[in-house]
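Please follow this account with the sequence and the model side by side. It begins with one residue and its contacts, and then widens to the chain as a whole.

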Amino acid sequence: AFTGFLVETNFESQWIAFESKDGLNAVGVGAWFNVADTAQMLLIHVALLPVLVAGLIVWHVLLVRHRGVVPPIPLRHPPVTAHGQDDKKPVTP
């Protein structure tokens, strides 16, 4: 949302870009990219973010294939039959 917001190129998006630039510079990551550069943010939004999302999806699928699916949560009470009675109690007519 942040990188796509600058694509609007209006005064509001420009204001938010410069406010975020100050915040990112304070954290120390402003040296790697310039959020006030519309072309750079568009490139990140169109190219880098989909590659990162695709990488996360591939990593997730590989982890599920390697470790398997999570087993179901164990029941705290005995299962109930369709008639509303417990399996261990005899059904009386």
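Leaving aside residues up to four places away in sequence, S13 touches F5, L6 and E8. These contacts belong to a predicted model. S13 itself is found in helix α2. Its relative accessibility is 1%, and because buried means under 20% relative accessible area, S13 counts as buried.

S13 may next be considered together with other residues of its helix. In α2, S13, A17 and S20 are buried. Around the axis they cover an arc of only 75°, which means that they lie on the same side of α2. The other side of α2 carries F11, W15 and A26, which are exposed; the term exposed requires a relative accessible area over 50%. Helix α2 thus presents S13, A17 and S20 as buried residues, whereas F11, W15 and A26 are exposed on its other side.

The length of the helix can be examined in a similar way. Helix α2 comprises the 17 residues 11-27. At 1.5 Å a residue, the expected span is 24 Å, because the rise is multiplied by one less than the number of residues. The C-alpha atoms at the two ends of α2 are 25 Å apart, which agrees with that expectation. Just after α2 comes G28, with a positive phi of about 110°.

What lies on the N-terminal side of this helix, in the loop between α1 and α2? V7 has its place there, with α1 covering residues 2-5. The relative accessible area of V7 is 37%. Since this value falls between the limits of 20% and 50%, V7 is classed as partly exposed. V7 also takes part in a nonpolar patch on the surface, which it forms with L42 and V46. Together, the three residues V7, L42 and V46 have about 240 Å² of accessible area.

The view can now be extended to the protein as a whole. Its secondary structure consists of three helices and zero strands, and the order of elements from the N terminus on is α-α-α. The protein has 93 residues, of which 9% are buried. Its accessible surface comes to about 8000 Å², and carbon and sulfur atoms account for 68% of that surface. As for contacts between residues at least 6 apart in sequence, 35% of them join residues at least 24 apart.

Notes. Residues numbered from 1 in each chain as written. Predicted model: local features only at pLDDT ≥ 70, side-chain atom pairs only at ≥ 80, totals over all residues. Heavy atoms only, no water. Helix = DSSP H or I, 4+ residues; strand = E, 2+ residues; numbered from the N terminus. Buried < 20%, exposed > 50% of the residue type's maximum accessible area, 1.4 Å probe, protein only. Arc of directions from axis to C-beta. Patch = residues over 30% accessible without salt bridge, like charges linked within 9 Å, V, L, I, M, F, W, Y side chains within 5 Å. Areas by Shrake-Rupley, 256 points an atom, 1.4 Å probe, with all protein chains shown as cover. Salt bridge = Lys/Arg side-chain N within 4 Å of Asp/Glu carboxyl O. Contact = heavy atoms within 4.5 Å.
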